[in-house]
Amino acid sequence: MSELFSSPEWQALRANHSVVASASLREMFANDPSRGTRLTAEGAGLYLDFSKHLITDETLNLLVDVAREAGVEVRRDAMFAGEPINNTEGRAVLHSALRRAEGDELVVDGEDVVADVHATLARMRTFAESVRSGEWVGHTGKPITTIINIGIGGSDLGPVMCAQALRPDMADNLSLVFVSNIDGADLDAALATADPETTLVVVCSKTFGTIETLTNARFARTWLVDALGDEAAVPKHFVAVSTNAERVADFGIDTANMFGFWDWVGGRYSVDSAIGLSLMIGIGPDKFDEFLAGFRDVDEHFQSAPLAENLPVIMAMLGVWYRNVWEFASHAVLPYSNDLARFPAYLQQLDMESNGKRVTRSGEPVAVDTGPIVWGEPGTNGQHAFYQLIHQGTSVIPADFIGFVKPRHDFDEHHRILTANLLAQTEALAFGKTADEVRAEGVDDALVNHKTFPGNRPTSTLLADALTPRIVGALIALYEHKVFVQGVVWDVNSFDQWGVELGKVLATNILNELNSDDPVAAAEAAGHDSSTRELIRRMS
């Protein structure tokens, strides 16, 4: 695919950069009164205003040409058809099957994966309803009031983000707590306020061998057994989301309460699988169905909308424009919703683990930079922290602003203030404030440069009616497909993550040394560098 970057389509896009770079958003809007309504797209309950980007209509057309030349449509169709596009692991990429409608059929390797998905969803529904109703009781006969989800990475970031996003939908009689970090403080904080008699622990690990997750689960098990005085309590207080029945049973969990998923589901794409069990218990099966419907809405839009009107494609290609033509290295995601506070962290894994690659699908060095640094915080908190750099710093940082027409609380004045800030920030970033405008306000000449804003800072504004389960699903799917499109353009495999393996291997080796009688000698024998040896000495 490296030939894409020597293609006529790519060269035309690069040539367009010099034209756009000589203009300003002020000029573009002044010369084109319809720009703010024309450079928009809509689908799946989402409205995207991308008019405040450093583009012209010609730029958009060229970006679409590049996407088509890269084979985005062909690769998209292959993914949805269940072809093994994860070539380094020889797997299909079928997270979209997790939200296919019941009755759909998709046969992969002789199995109807949609039927399998709905069989698992039915088991999840039955279990979730039993916990929510109080039918499921703990070892001492009391109903469950606390769910502790133990996982890490995709087994944590998705459920914890969605649980906060859907806070208004949570059952009043249930508390969801999430534990991921191997730092004991995380588990300690979760157990400090939990009652063993009324706590259910959901252990999420595909292999049931992830060291962080299993260590936390083992200590939670000890906490439970010590408090209730009976090993027989474990099956009533622990369930598993895993595919390793033998390890689950060895832990003491009844495999009837093990909920599986499939090799074609990557961790960062799994919140709509059994990994979402805690979320389903919290919001209820019916709202979980709405959540899945939001994913499906975007899947259908992504497959059917023309590229120039396709939300994931537009967002992806704007990212390519900035990463590879303008050479902007980072991207901010700024939700104006406190309930979406964990969304930027969720997208960090989705984007940076998927496309943070330095070789192509065939193993050759990539031809261009990949994967931006993704970060952000909810508004208006970020305005009082890092917006200074976005407005007046030397680095240009494209940003997605996410807002909602209606709040899901009764504090209407708060929402009007929040909305005013959302709209004001994108306007200020786009148009800035000139030195002449500052002087016209009577500002002393010594401060004019300090109070001048350059503008031309690109932003997207993404709006929805309200932060409902359906819209949360749609937002996740939107960014999933955005990441996919960028991976196709960069010719990387967005569905493996070999880069996380080396640190894991070295950590296991160092743990063995720290557990030895003489960690310093063990470190010497292992041949670590002088820095690592000294750090081991100080930590042992």
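A contact here means heavy atoms within 4.5 Å. Helices (H or I, at least four residues) and strands (E, at least two) are DSSP runs, numbered from the N terminus. With that in hand, helix H5 (residues 72–80) is a good way in: its buried residues pack against helix H4 (57–70), helix H13 (285–304) and helix H20. Those buried residues are Val72, Arg76, Ala78, Met79 and Phe80, where buried means under 20% relative accessible area, exposed over 50% and partly exposed in between (1.4 Å probe, protein chains only). Just after H5, Gly82 takes a positive phi of about 85°.

A word on ground rules. The model is predicted, so local features need pLDDT of at least 70 and side-chain atom pairs count only at pLDDT 80 or more, while totals for chains, interfaces and linings use all residues. Residues are numbered from 1 along each chain as its sequence is written, and side-chain values use heavy atoms, with hydrogens and water left out.

**The whole protein**

The protein has 23 helices and 13 strands. Its C-alpha atoms fill a box of roughly 75 × 60 × 60 Å along the principal axes. How does the radius of gyration sit against that of a compact globule with 540 residues? The globule would come out near 24 Å and the protein has 25 Å, which agrees; the radius is taken over C-alpha atoms, and the globule rule is 2.2 Å times the number of residues to the power 0.38. Of the 540 residues, 52% count as buried. Among contacts with a separation of 6 or more, 74% come from residues 24 or more positions apart. The exposed area is about 23,000 Å², and carbon and sulfur atoms supply 50% of it (Shrake-Rupley method, 1.4 Å probe; for residues, only the protein chains shown count as cover).

**Two open sheets**

Two strands pair if DSSP finds at least two bridges between them. One open sheet has six strands in the order S1-S2-S13-S12-S10-S11, with mixed pairing. Strand S1 (40–43) and strand S11 (373–375) stand at its edges with a single partner strand each, so one side of each has no neighbour in the sheet. The twist averages 15° from one strand to the next; axes are lines fitted to C-alpha atoms, for helices over the stretch in contact, and angles run from 0 to 180 degrees between N-to-C directions. Strand S12 (residues 399–404) and strand S13 (residues 459–464) pair in the parallel sense over six bridges, and Phe401 stands opposite Thr461 in S13. Helix H20 (residues 469–490) packs on this sheet, touching strand S2 (46–49), strand S10 (330–335), S12 and S13, and its direction makes about 165° with that of S12.

The other open sheet has five strands, ordered S6-S5-S7-S8-S9, and its pairing is parallel. Its edge strands are S6 (175–179) and S9 (258–259), each pairing on one side only. Strand S8 (residues 238–241) pairs with S9 over two bridges, and the bridge partner of Ala240 in S9 is Met258. Helix H8 (residues 184–192) lies across strand S5 (146–150) and S6, running at about 165° to S6.

**Aromatic pairs**

Rings of Phe, Tyr and Trp (its six-membered ring) pair if their centres lie within 6.5 Å; planes under 30 degrees apart count as stacked, over 60 as edge-to-face and the rest as tilted. By this rule the count comes to 22 aromatic pairs. Here are two of them:

| Pair | Centre to centre | Angle of planes | Class |
|---|---|---|---|
| Phe127 and Trp136 | 5.0 Å | 75° | edge-to-face |
| Phe208 and Phe251 | 5.7 Å | 85° | edge-to-face |

Phe208 sits in the loop between strand S7 (199–204) and helix H9 (211–228), and Phe251 in helix H11 (residues 245–251), so this pair ties together parts that are 43 residues apart in sequence. Phe208 is buried at 4% relative accessible area, and Phe251 is buried at 9%. As for the other pair, Phe127 is buried at 5% and Trp136 is buried at 12%. Ring pairs also link Phe80, Tyr269, Phe302, Phe484 and Phe495 into a cluster.

**Backbone oddities**

A cis peptide bond joins Gly379 and Thr380, with omega about 10°; Thr380 is in the loop between S11 and helix H16 (387–392). Ala44, in the loop between S1 and S2, has a positive phi near 55° and is partly exposed at 22% relative accessible area. Glu327 has a positive phi near 65°. Glu327 belongs to the loop between helix H14 (311–326) and S10, and is exposed at 59%.
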